[in-house]
Amino acid sequence: MSDHTAGQPATPGDPEGIDPSVLDELTRLRDSIDNIDAAVVHMLAERFKCTQQVGHLKAAHRLPPADPAREARQITRLRQLAESAKLDPGFAEKLLNFIIAEVIRHHETIARS
């Protein structure tokens, strides 16, 4: 039996009173989001495998962990991709800066070892 009185909306997290077709669509969309999140994680893992190889190559040849010119080109490129994909370029830049910082940290660790 429901604790809701007639005309009151269901509380957050309580699907009672919500049209089943809405719940079905919500589930479908959330399943898609979960699949995309998994793909993003796997793509990031692949990216970091490549950047680890770059880190080893840089360390072997005594190159600096950071490459500001390359990073600037990548940010410009990613901002353009974001614009064409109708994604906020500022968000894309923040994401890439976060990833770059992690890559540099990995490269510094590799160089010390």
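**Notes on a three-helix model**

1. Let's start with a single side chain: with a relative accessibility of 45%, Phe91 counts as partly exposed, because the partly exposed class runs between the 20% limit for buried and the 50% limit for exposed. Phe91 belongs to helix 3, which covers residues 89-112. Please keep in mind while reading that this is a predicted model.

2. Phe91 also has company on the surface. Together with Leu87 and Leu95, Phe91 makes a nonpolar surface patch of about 270 Å². Leu87 sits in the loop between helix 2 and helix 3, and with a relative accessible area of 40% Leu87 is partly exposed. Setting aside neighbours within four places in sequence, Leu87 is in contact with Ala82 and Ala92. Ala82 turns up again below, as one of the buried residues of helix 2.

3. Now the overall layout. The protein chain has 3 helices and 0 strands, and from the N terminus on its elements run α-α-α. Of the 113 residues in the protein chain, 16% are buried. The chain exposes about 8900 Å², and carbon and sulfur atoms supply 61% of that area. Among contacts between residues at least 6 apart in sequence, 53% join residues at least 24 apart.

4. Helix 2 is a handy place to check geometry. This helix takes in residues 68-84. Its 17 residues should span 24 Å at 1.5 Å a residue, and the end C-alpha atoms are 24 Å apart, so expectation and model agree. After helix 2 comes Lys86, which has a positive phi, near 65°.

5. Which residues of helix 2 are buried? They are Glu71, Gln74, Ile75 and Ala82. Viewed down the axis of helix 2, these buried residues fall within an arc of 105°, so they line one face of the helix. Helix 3 is included in what covers them. On the face turned away from the buried side, helix 2 carries the exposed residues Arg73, Gln80 and Ser84.

6. Next, the charged pairs. Side chains of opposite charge can pair when their charged atoms come close. The structure holds 4 salt bridges, and three are worth a look here, including one that joins two helices. That one is between the side chains of Arg79 and Glu93, at 2.6 Å from N to O. The pair links distant parts of the chain, with Arg79 in helix 2 and Glu93 in helix 3, 14 residues apart. Arg79 has a relative accessible area of 29% and is therefore partly exposed. Glu93, at 25% relative accessibility, likewise counts as partly exposed.

7. Another salt bridge stays within helix 3. Glu102 pairs with Arg105, and their closest N and O atoms are 2.5 Å apart. Both residues lie in helix 3, 3 residues apart, which is about one turn of the helix. An α-helix has 3.6 residues a turn, so residues three or four places apart point the same way. Glu102 is partly exposed, with a relative accessible area of 25%, and Arg105 is partly exposed as well, at 42%.

8. Helix 1 offers a pair with similar spacing. Glu46 forms a salt bridge with Lys49, with 3.1 Å between the closest N and O atoms. Glu46 and Lys49 both lie in helix 1, 3 residues apart, or about one turn of the helix. With 42% relative accessibility, Glu46 counts as partly exposed.

9. A last stop on helix 1: is Thr51 buried or exposed? At 13% relative accessibility, Thr51 counts as buried, because the limit for buried is under 20%. Thr51 is part of helix 1, residues 20-60. Leaving out residues up to four places away in sequence, Thr51 touches Val103 and His107.

10. If you open the model in a viewer, three places sum up these points. One is the nonpolar patch of Leu87, Phe91 and Leu95. Another is the salt bridge of Arg79 with Glu93, which links helix 2 to helix 3. The third is buried Thr51, with its contacts to Val103 and His107.

Technical notes: Residues numbered from 1 in each chain as written. Predicted model: local features only at pLDDT ≥ 70, side-chain atom pairs only at ≥ 80, totals over all residues. Heavy atoms only, no water. Patch = residues over 30% accessible without salt bridge, like charges linked within 9 Å, V, L, I, M, F, W, Y side chains within 5 Å. Areas by Shrake-Rupley, 256 points an atom, 1.4 Å probe, with all protein chains shown as cover. Helix = DSSP H or I, 4+ residues; strand = E, 2+ residues; numbered from the N terminus. Buried < 20%, exposed > 50% of the residue type's maximum accessible area, 1.4 Å probe, protein only. Contact = heavy atoms within 4.5 Å. Expected span 1.5 Å × (residues − 1). Arc of directions from axis to C-beta.
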